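User: Could you take a close look at the aromatic residues and their surroundings for me? I'd like one connected walk-through.

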Amino acid sequence: MKKLLTISLLLCIQFSYSQVQKGTIVIGGGINLNGNSGNSTNASNYDRNSSNGNFGISGSYEKFVSNITAVGISLGYTYYGSSSEFDYGNGTQEYGTKRNMIQIGPTVTRYISLREKLYLTVGGGFLVGFGTTKDIETDEKSKIWSLGLGVRPGVAFFLNDNFALSAVIGNLF
């Protein structure tokens, strides 16, 4: 009985801080940019120079359907490029790909109140992606598609009734 009373009390305290309301709209987005390059010499005496890079931009629109749950849509664009050049001493050979993809899908986020303006968030979504890939060596283009399912835990801090700072830990799977 004590455990049930304690859990009930904690849940009452947790939801008594609710700041968001049904109908509230959340607009978000993100930018991702990374790359690397390297050189190596193989035991067979050829040199390899390689590099790759990734750029992504995304946006989301969510609307609270209750005081703790928001549903919406996410849209994103990703570019990925990689290249490797092998120098065999008597000539070079280059390999690589370039890929462009657009992703879209539904999202749902649950907000769990920790303090008056601080929330633990658990978001999830399903993405479908469409795009093209191009082989650098052959100049051949192919159509590609992808499916993604993810869970994103995070935190949100409301600065006021109109603005919040949010941080998530990527996609867990």
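Analyst: Let's start at lysine 117, which is partly exposed because its relative accessible area is 30% (buried is under 20%, exposed over 50%, partly exposed in between, with a 1.4 Å probe and protein chains only). Lysine 117 sits in the loop between strand E4 (92-113) and E5; helices (H or I, at least four residues) and strands (E, at least two) are DSSP runs, numbered from the N terminus. Its C-alpha atom is 8.9 Å from that of alanine 164, 47 residues apart along the chain.

Quick housekeeping: this is a predicted model, where local features need pLDDT of at least 70 and side-chain atom pairs count only at pLDDT 80 or more, while totals for chains, interfaces and linings use all residues. Residues are numbered from 1 along each chain as its sequence is written, and side-chain values use heavy atoms, leaving out hydrogens and water.

Now the rings. Searching the whole structure turns up four aromatic pairs (ring centres of Phe, Tyr or Trp, the latter by its six-membered ring, within 6.5 Å; planes under 30 degrees apart are stacked, over 60 edge-to-face, the rest tilted). One of them joins phenylalanine 86 and tyrosine 95, edge-to-face because the planes are at 75 degrees, with the centres 5.8 Å apart. Phenylalanine 86 has 14% relative accessibility, so it counts as buried, and tyrosine 95 has 36%, so it counts as partly exposed.

Tyrosine 119 and phenylalanine 158 also pair edge-to-face, at 5.3 Å centre to centre and 70 degrees between the planes. This pair links distant parts of the chain, 39 residues apart: tyrosine 119 is in strand E5 (residues 118-135) and phenylalanine 158 in strand E6 (residues 141-158). Both tyrosine 119 and phenylalanine 158 are buried, and they form one aromatic cluster with Phe64 and Tyr111. Those four rings belong to the largest nonpolar core, seven residues in all, with Val20, Ala70 and Ala156 (buried Ala, Val, Leu, Ile, Met, Phe, Trp, Tyr and Cys joined through side-chain atoms within 4.5 Å).

Alanine 70 leads us on to a charged residue: setting aside residues up to four places away in sequence, its contacts (heavy atoms within 4.5 Å) include Glu62, Phe64 and Tyr111. Glutamate 62, in strand E2 (residues 47-64), is buried yet has no salt bridge, with the nearest side chain of opposite charge, arginine 152, 5.1 Å away. A salt bridge needs a side-chain nitrogen of Lys or Arg within 4 Å of a carboxyl oxygen of Asp or Glu; Lys and Arg count as positive, Asp and Glu as negative, with His and the chain ends not counted. Glutamate 62 does make a side-chain polar contact with the side chain of threonine 109 (2.9 Å), meaning N or O atoms within 3.5 Å, one able to donate a hydrogen and the other to accept it within protein, with residues adjacent in sequence counting only if both atoms are side-chain atoms.
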